[in-house]
Amino acid sequence: MQITRIPYNALMPNRIVFGDNLETLRTLPSDSVPLIYIDPPFNTGKIQSRKQLRTIRSQDGDRTGFQGARYKTEVLGEKSYNDIFADYLGFLQPRLEEAKRVLTPDGSLYFHIDYREVHYCKILLDEIFGRASFLNEIIWAYDYGARSKVKWPAKHDNILWYAKDPENYVFNYEQLDRIPYMAPGLVGPEKAALGKTPTDTWWHTIVSPNGREKTGYPTQKPLGIIKRIITASSRPGDLVMDFFAGSGTLGEAALMLGRRFLLIDNNPEAMDVMAKRFAQYPDVQFENYAPTVELSHQYALV
Ligand SMILES: C[S@@+](CC[C@H](N)C(=O)[O-])C[C@H]1O[C@@H](n2cnc3c(N)ncnc32)[C@H](O)[C@@H]1O
């Protein structure tokens, strides 16, 4: 197959590419992307799906709401992607090798996963990047959903941070958001007002099923988590990439923080969600995909 290499320059629009990420990664020049965040399927052994529901008032509804009013729930649609892999590490390996190749010499990879696969992925990433390149395991802790009664309820994800070169990487300490002291009375008013540096354990709510941020895409990650990563590990104007983009959270966070983005996903439902999500933003280019949803903004199509 003929592979076209696409050189990056400052005038490049924000790109959303439909297709297998390995193919697109192979078209990118080496040493060209300062920050990669990826949140691959976690190999849960399930089809990940989320229903879009609407609750409407109805006499024959099956739920009772405020002041005894009756409501019924309508299913508007369902979004899903496959999360079953016979050889999960074999799937990840060539993609992670490409990720390392395309990172700039001072670039970083943030790899988002959960307790089921994190240990195997850590060993794979150590092999690809070198053990010295491992900088942090960030624990994203949340507190939502059902609680197991037969073991400790699992309420965290793991984010592994690797630098291409552990002696030369971006970490914008001064720009980090600060967090409140647990016992502000012990540190005095000045320090309490300033807050403290976040650690490798981040408490953050999940994307609320009823909140403004929700897109309806399964396993959507919160903007707050991704914004902290972009702020810490890239510079304004930098290109940031997510090649398992889903609903495009990294892209929206990048726009909020003045970075450019490249998103890739091979699920047409993810593309539809992103088409809606970026409808109000100019300078977003879709590749291999024509939005099927009604948009308020005319995209450049390639
Ligand atoms: C966990 S979801 C990402 C969710 C995303 N972080 C968000 O906030 O919405 C993983 C995504 O990887 C995509 N994916 C899986 N295999 C892929 C491949 N080979 N190439 C491109 N995308 C892929 C799936 O379609 C799915 O949307």
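Helices here are DSSP runs of H or I with at least four residues, numbered from the N terminus. By that rule, valine 102 sits in helix α2. The model is a predicted one.

**Overall build**

The chain holds seven helices and 13 strands. Its C-alpha atoms fill a box of roughly 65 × 60 × 40 Å along the principal axes. The radius of gyration is 21 Å, which agrees with the value near 19 Å for a compact globule of 302 residues. Buried residues make up 32% of the chain. Of the contacts with a separation of 6 or more, 65% join residues 24 or more positions apart.

**Confidence**

The average pLDDT of the chain is 89, and 90% of the residues score at least 70. Two stretches fall short. Over residues 1–6 pLDDT stays under 50, and the model gives them seven contacts beyond four places in sequence. Over residues 296–302 pLDDT also stays under 50, with 15 such contacts. Where pLDDT is low, the predicted coordinates should not be read in detail.

**Helix α2 and valine 102**

Helix α2 covers residues 88–102, 15 residues in all. From first C-alpha to last it reaches 22 Å, close to the expected 21 Å. Its buried residues are Leu92, Leu96, Ala99 and Val102. They pack against α1 (21–27), β2, β6 (103–113) and α3 (118–129).

Take valine 102 from that set. Why does valine 102 count as buried? It has 23 other C-beta atoms within 10 Å, and the cut-off for buried is 20 or more. Leaving out residues up to four places away in sequence, valine 102 touches Leu25, Leu28, Ser30, Ser32 and Val33. Leucine 25 is 77 residues from valine 102 in sequence, yet their C-alpha atoms are 7.9 Å apart.

**Three loop residues**

The table sets out three residues found in loops.

| Residue | Loop between | C-beta neighbours within 10 Å | Status |
|---|---|---|---|
| Asparagine 43 | β2 (33–38) and β3 (46–57) | 21 neighbours | buried |
| Threonine 219 | β9 (201–203) and α5 (223–233) | 20 neighbours | buried |
| Tyrosine 281 | α7 (268–277) and β12 (284–287) | 13 neighbours | partly exposed |

Two of these residues have backbone angles to check. Most residues other than glycine have a negative phi. Asparagine 43 has a positive phi, near 60°. Threonine 219 is not a glycine either, and its phi is positive at about 60°. Threonine 219 counts as buried because it has 20 C-beta neighbours inside 10 Å, and 20 is enough for that class.

Tyrosine 281 brings together distant parts of the sequence. Asparagine 14 lies 267 residues from tyrosine 281 along the chain, and their C-alpha atoms are separated by 9.9 Å. With 13 other C-beta atoms within 10 Å, tyrosine 281 is partly exposed.

**The ligand shell**

How many residues surround the ligand? There are 19, and the closest are Phe244, Gly246, Ser247, Thr249 and Asn267. By class, the shell has eight polar, seven nonpolar and four charged residues.

Key. Residues are numbered from 1 along each chain as its sequence is written. This is a predicted model: local features need pLDDT of at least 70, side-chain atom pairs count only at pLDDT 80 or more; totals for chains, interfaces and linings use all residues. A residue is near a molecule or strand if its C-beta atom, placed from the backbone, lies within 6 Å of it. Ala, Val, Leu, Ile, Met, Phe, Trp, Tyr, Cys and Pro count as nonpolar, Asp, Glu, Lys and Arg as charged, and the others, Gly among them, as polar. Helices (H or I, at least four residues) and strands (E, at least two) are DSSP runs, numbered from the N terminus. A residue is buried if 20 or more other C-beta atoms lie within 10 Å of its own, exposed if 12 or fewer, and partly exposed in between; C-beta atoms are placed from the backbone. pLDDT is the predictor's confidence in each residue, from 0 to 100. Two residues are in contact if their C-beta atoms, placed from the backbone, lie within 7 Å. The expected span of a helix is 1.5 Å times one less than its number of residues. The radius of gyration is taken over C-alpha atoms; the globule rule is 2.2 Å times the number of residues to the power 0.38.
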